[in-house]
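User: Could you take a close look at the aromatic rings in this model for me? I'd love to hear how they pair up and what lies around them.

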Amino acid sequence: MIYVTRRERFSAAHRLFRDDWTDEQNLEIFDKCSYPNWHGHNYVLYVTVKGDLNPETGFVVNIKRLSKIIKEKITVKLDHRNLNIDVDFLKGKMASTENLAIGIWDELEPTINALGIYLHCIKIEETENNFVEYFGN
Ligand code: NI
């Protein structure tokens, strides 16, 4: 199998906090991400798919088509949005990068599979120093 990765970027606001914790507890665990008046990140999303080569094109996937799918299914819902409030697939979940990666996987997988290929990894960089990878289980 060959692996192909497409990068897309989005900027979004969020806040990590628990209602049942004090501001001090939230600050201790979630640090700056718990600030009450929101804050944002410039996220970088890497979607890696895998599959066999199409003998006609020499491609695993038409990367333009993959980019369009990611934009239509994911980044249009996330870019310049509030992850705690605006995103259907994060409703009721902590707006962590981990949950974001799982949610993006679940949103994309059926459409990727319909192309006859497979999702391999959702990687999201929240900052230059922190990133999350999800491989589907
Ligand atoms: Ni944050």
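Analyst: Happy to! A residue is called buried here if its relative accessible area is under 20%, exposed if over 50%, and partly exposed in between. Please keep in mind that this is a predicted model.

Let's start with Trp-105, which has a relative accessibility of 5% and therefore counts as buried. Its partner is Tyr-134: the two ring centres are 5.5 Å apart and the planes meet at 80°, so this pair is edge-to-face, the label for planes over 60 degrees apart. The contact joins distant parts of the chain, since Trp-105 belongs to helix H3 (residues 97-114) and Tyr-134 to strand S5 (residues 131-134), with the two positions 29 residues apart in numbering. Tyr-134 is buried as well, because its relative accessibility is 17%.

In total, there are three aromatic pairs. Another of them brings together Trp-21 and Phe-30, with ring centres 5.8 Å apart; their planes are at 20°, under the 30 degrees cut-off, so this pair is stacked. Here the two partners differ in burial: Phe-30 is buried at 17% relative accessibility, whereas Trp-21, at 29%, is partly exposed.

Rings also have charged company in this model. Arg-15 sits over the face of Phe-17, 3.9 Å from the ring centre. Lys-123 takes up such a position over Tyr-46, at 5.0 Å from the centre of that ring.

How values were computed: Residues are numbered from 1 along each chain as its sequence is written. This is a predicted model: local features need pLDDT of at least 70, side-chain atom pairs count only at pLDDT 80 or more; totals for chains, interfaces and linings use all residues. Side-chain values use heavy atoms; hydrogens and water are left out. Rings of Phe, Tyr and Trp (its six-membered ring) pair if their centres lie within 6.5 Å; planes under 30 degrees apart count as stacked, over 60 as edge-to-face and the rest as tilted. Buried means under 20% relative accessible area, exposed over 50%, partly exposed in between (1.4 Å probe, protein chains only). Helices (H or I, at least four residues) and strands (E, at least two) are DSSP runs, numbered from the N terminus. A charge sits over a ring if NZ of Lys or CZ of Arg is within 6 Å of the ring centre and within 35 degrees of the ring normal.
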